[in-house]
Amino acid sequence: MRVHLGSDHAGLELKEHLLNWLADAGFEAVDHGPFVYDAVDDYPVFCLRAAEAVAADQQDGEHALGIVIGGSGNGEQIAANKVKGVRAALVWSEETAVLAREHNDANVVSVGGRMHTLAEMTRFVGIFLRTDFTGEARHVRRIGMLADYESTGDLPPLPDSALGHDA
């Protein structure tokens, strides 16, 4: 599987670690930067490129996921989610890593380089990469609603329960 990575200065150490870890684990790692430490770099430059590459690979039928890393992971997740076809999840525990894949079919994981130890973040990323989407109908339906909104800008209809009707 191909794994695209992007970060900012706060995630550079983890990104460099993960590049080696991914190669050792048999993944094809693609580094979208940064490539040197710059305390004032801007995460969108690198995270958008990583997310774009995931979306393009998946559009081409390639099995690819992404990892974006920053100080907290929040901005990086927001940036990745601006890319059409990307579902980026901020992960801070083993459970959130599993659920991001199983329930949301997230294709990009975001982690905070200043929030956890290197070992914890590596474990979260590994769990994310090795967990499959369940494909359960309710999850497929919800992801479909998001994809439809992304394409059309039309909100999904309200359910009867939200309109005061009995279901």
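How many bridges join E1 to E3? In this predicted model, six bridges connect the two strands, which run parallel. This pairing offers a convenient point of entry to the sheet.

The sheet is open and has five strands in the order E2-E1-E3-E5-E4, with parallel pairing. Strand E2 (28-31) and strand E4 (88-90) stand at its edges; each has a single partner strand, so one side of each is left without a neighbour in the sheet. From one strand to the next, the twist averages 25°.

The register of E1 and E3 can be followed residue by residue. Arg2 has Ala64 as its bridge partner in E3, Gly6 stands opposite Val68 in that strand, and Ser7 is partnered there by Ile69. Val68 in turn stands opposite Ser110 in E5, and the pairing of E3 with E5 is parallel over five bridges. Towards the edge formed by E2, E1 is joined to E2 by four bridges, again in the parallel sense. Within that pairing, the bridge partner of Leu5 is Asp31 in E2. The connection between these two strands includes helix H1 (residues 12-24): E1, H1 and E2 make a right-handed β-α-β unit.

How far are E1 and E3 covered? For E1, five of its six residues are buried. For E3, seven of its seven residues are buried. The side chains and glycines of E3 divide between two directions: Ala64, Gly66, Val68 and Gly70 point one way, while Leu65, Ile67 and Ile69 point the other way, and all are buried.The helices that pack on this sheet come next. Helix H3 (74-81) touches E3, E4 and E5, and its direction makes about 165° with that of E4. Helix H5 (residues 118-130) lies across E1, E3 and E5 and runs at about 170° to E5. In H3, the buried residues are Gly75, Glu76, Gln77, Ala79 and Ala80. Their cover includes H2, E3, E4 and E5.

Helix H2 (residues 43-59) can be examined in terms of both its length and its surroundings. At 1.5 Å a residue, its 17 residues should span 24 Å, and the end C-alpha atoms are 24 Å apart, which agrees. Which residues of H2 are buried? They are Phe46, Cys47, Ala50, Ala51, Ala53, Val54, Ala55 and Asp57. An α-helix has 3.6 residues a turn, so residues three or four places apart point the same way. In H2, Phe46, Ala50 and Val54 are among the buried residues, as are Cys47 and Ala51. What covers the buried residues of H2 includes strand E1 (2-7), strand E3 (64-70), helix H3 and strand E5 (108-112). H2 is thus among the elements that cover the buried residues of H3, and H3 is among those that cover the buried residues of H2. After H2 comes Gly61, whose phi is positive, near 85°.

Two loops also hold backbone features that merit inspection. Pro34 is found in the loop between E2 and H2, and the peptide bond that leads to Pro34 from Gly33 is cis, with omega near 0°. In the loop between H4 and E5 lies Asp105. Although Asp105 is not a glycine, its phi is positive, at about 45°.

Helix H4 (residues 94-102) contains Thr96. Is Thr96 buried or exposed? Its relative accessible area is 15%, and Thr96 is therefore buried, the limit being under 20%. A polar atom of the Thr96 side chain lies 3.0 Å from the backbone oxygen of Ser93.

The last stop is helix H6 (residues 137-152), which holds Ala147. With a relative accessible area of 35%, Ala147 is partly exposed. The C-alpha atom of Ala147 is separated by 9.6 Å from that of Val86, a residue 61 residues away along the chain.

Key: Residues numbered from 1 in each chain as written. Predicted model: local features only at pLDDT ≥ 70, side-chain atom pairs only at ≥ 80, totals over all residues. Heavy atoms only, no water. Expected span 1.5 Å × (residues − 1). Buried < 20%, exposed > 50% of the residue type's maximum accessible area, 1.4 Å probe, protein only. Contact = heavy atoms within 4.5 Å. Polar contact = N/O pair within 3.5 Å; in protein donor to acceptor, adjacent residues only side chain to side chain. Pairing = 2+ DSSP bridges. Axes fitted to C-alpha atoms, helices over the stretch in contact; angles between N-to-C directions. Right-handed = clockwise from strand over helix to strand, strands pointing away.
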